[in-house]
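Subject: Structure handover

Hello,

Here is the structure I promised to pass on. Please open it alongside this note.

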Amino acid sequence: MEKQRVATLTMDDGRTIELPILSGTLGPDVLDIHNIGKLGLFTYDPAFFATASCTSAITYIDGDAGLLYYRGYPIEQLAEKSDFLEVCYLLLNGELPSAAQKAEFSGFITKHTMVHDQLARFFNGFRRDAHPMAVMVGVVGALSAFYHDSLDINNSQHREISAHRLLAKVPTLAAMAYKYNVGEPFMYPKNKFGYVENFLYMMFGTPTEEYVPNPVLVRALERIFILHADHEQNASTSTVRLAGSSGANPFACVASGIAALWGPAHGGANEAALKMLEEIGDVSRVKDYVQGVKDKKYKLMGFGHRVYKNMDPRAAVMRQTCYEVLKELKLESNKLFELAMELEKTALSDPYFIERKLYPNVDFYSGIVLRAIGIPTSMFTVIFAVARTIGWVSQWNEMIADADHKIGRPRQLYRGAVKRDFVPVNKRR
Ligand code: ACO
């Protein structure tokens, strides 16, 4: 048997402890600090810059090389050759489906896209102008109240049914959030359409007109879904895992993921990137804008990433998709696209960005594609949530399936007041 490699930690008082060095199938080795408590110590790593929070076999990222694999398959290959439901099957089950498995899976998801009719009433409780992410946090969490028949998280079949329900129903709820906002009737899903076509139909179809999906736009949205399907232990996925570690049901956990995704540093970035491009307005203003970024007046949205210190591989696919969509829609001279390309060129040749290894991330171009498809800005993060639902639920399932999983409970470095005695209000200064 191979000898366990260890690192030895020596304290300033001479005490030592051996820390096992763990190796994954890919990526850097990891120090197992489990036993450090024996020295009466905790480790300190706010924002998880150097901490692996779990073991996972789902997604691998090499940020320095700009690589992203789902279950070992490079994202570029999946974006080019696969489709979203197949990628969902892969993330959830670990392998690509056979033809029969694929047909069965697609059929099952298609037949579960309707939501309980009672759910439609939840929408009336929201203002029409509510942000659709606010609506999504509420209505996805509300799914917990509808499917009591399969909420035993220790039962793998129940977990599978819940995963399928989430995958099937979140797009329906997302389209309903949009329809509620614009004051149009909800569109029931149609089983003749594929997953992405159906979503576009529920968004843009009306009872008065036949809806004919544009295959180029369907393919573009399919790619957006594939590119956003999972991204290992990002903020929202870690939120889902932490919520799930207490035994909470998957619908509530995914609602917590949606809440975490909402912020502009995470899922809100493509909305922010598009707003930024509109604010810049013209190619002639790019240099001044970049100067403002360097002067730390604001950030370049859609740029930079905690893990990628090279081109985000998803951004390259997105740039190509952007080009294809604009060509299809005869919008080749799209001002925002020209601006984005000029901004990318200017930033990538500037020492500020080079030294900090800041490259475009997936959100830099996805906003332009979504806008061209006709998706309103306020729905951008919702689209991300629809796509990421499979990642969240796959990661949640992986965690719960591990019989040794425990409730997640970080510790802290306390720097508050030391013990002091209570003073009655009339004696306080
Ligand atoms: N524009 C300008 N400067 C930046 C940017 C940016 N977008 N991102 C990072 N920097 C600078 C920081 O100011 C810092 O500079 P300093 O060393 O002079 O202080 C340095 O680069 C390191 O940045 P951090 O903030 O420490 O990097 P961190 O890993 O914490 O942040 C993040 C990553 C949040 C994504 C950041 O790059 C950012 O805010 N980007 C813009 C928002 C965005 O596009 N988010 C989408 C992420 S991808 C996704 O969620 C799908």
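Below is what was found in it, going from the strands to the helices.

First, the ground rules. This is a predicted model, in which local features need pLDDT of at least 70 and side-chain atom pairs count only at pLDDT 80 or more, while totals for chains, interfaces and linings use all residues. Residues are numbered from 1 along each chain as its sequence is written, and side-chain values use heavy atoms, with hydrogens and water left out. Helices (H or I, at least four residues) and strands (E, at least two) are DSSP runs, numbered from the N terminus.

The three-stranded sheet

Start with the open sheet of three strands. Its order is β1-β2-β3, and the pairing is antiparallel. Two strands pair if DSSP finds at least two bridges between them. β1 (6–10) and β3 (30–31) are the edge strands; each has a single partner, so one side of each lacks a neighbour in the sheet.

β1 pairs with β2 (residues 16–22) over five bridges. L9 sits opposite I17 of β2. T8 has E18 as its bridge partner in β2. The hairpin of β1 and β2 has five residues between the strands, and G14 there takes a positive phi near 95°. On the other side of the sheet order, β2 and β3 pair over two bridges, again in the antiparallel sense. L22 stands opposite V30 in β3.

Now look along β2. In a regular strand the side chains alternate between the two faces of the sheet. I17, L19 and I21 point to one face and are buried. T16, E18, P20 and L22 point to the other face and are not buried. Buried means under 20% relative accessible area, exposed means over 50%, and partly exposed lies in between (1.4 Å probe, protein chains only).

Two more hairpins

β4 (residues 59–62) and β5 (residues 67–70) run antiparallel and are joined by four bridges. I61 stands opposite L68 in β5. The two strands form a hairpin with four residues between them, and G66 in the turn has a positive phi of about 75°.

β5 also pairs with β6 (residues 73–74), antiparallel, over two bridges. Here Y70 faces Y73 of β6. This hairpin has two residues between the strands, and R71 takes a positive phi near 50°.

Other positive phi values

F48 is not a glycine, yet its phi is positive, at about 55°. Look for F48 in the loop between β3 and β4. K357 is another residue other than glycine with a positive phi, near 55°. K357 is in the loop between α15 (351–355) and α16 (363–373). K357 is partly exposed, with a relative accessible area of 44%.

Two enclosed helices

How many of the ten residues of α2 (residues 84–93) are buried? Nine are, so α2 is largely enclosed by the rest of the structure. The buried residues are F84, L85, E86, V87, C88, Y89, L90, L91 and L92. Just after α2 comes G94, with a positive phi of about 95°.

In α16, ten of the eleven residues are buried, so α16 too is largely enclosed by the rest of the structure. Its buried residues are D363, F364, Y365, S366, G367, I368, V369, L370, A372 and I373. They pack against α7, α8 (215–228), α11 (269–280), α13 (313–328), α14 (335–348) and α17 (380–401). Contact here means heavy atoms within 4.5 Å. G374 follows just after α16, with a positive phi of about 105°.

A helix pair

Last, α6 and α7. Helix α6 (residues 156–182) and helix α7 (residues 195–204) pack at an angle of about 20°, with their axes 8 Å apart. Axes are lines fitted to C-alpha atoms, for helices over the stretch in contact, and angles run from 0 to 180 degrees between N-to-C directions. α6 and α7 are therefore roughly parallel to each other (angles under 35 degrees count as roughly parallel, over 145 as roughly antiparallel, 65 to 115 as roughly perpendicular and the rest as oblique).

From α6, the contact uses L167, P171, T172, A174, A175, Y178 and K179. From α7, it uses Y195, F199, M202, M203 and F204. By type, the contact residues are ten nonpolar, one polar and one charged. Ala, Val, Leu, Ile, Met, Phe, Trp, Tyr, Cys and Pro count as nonpolar, Asp, Glu, Lys and Arg as charged, and the others, Gly among them, as polar.

Best wishes
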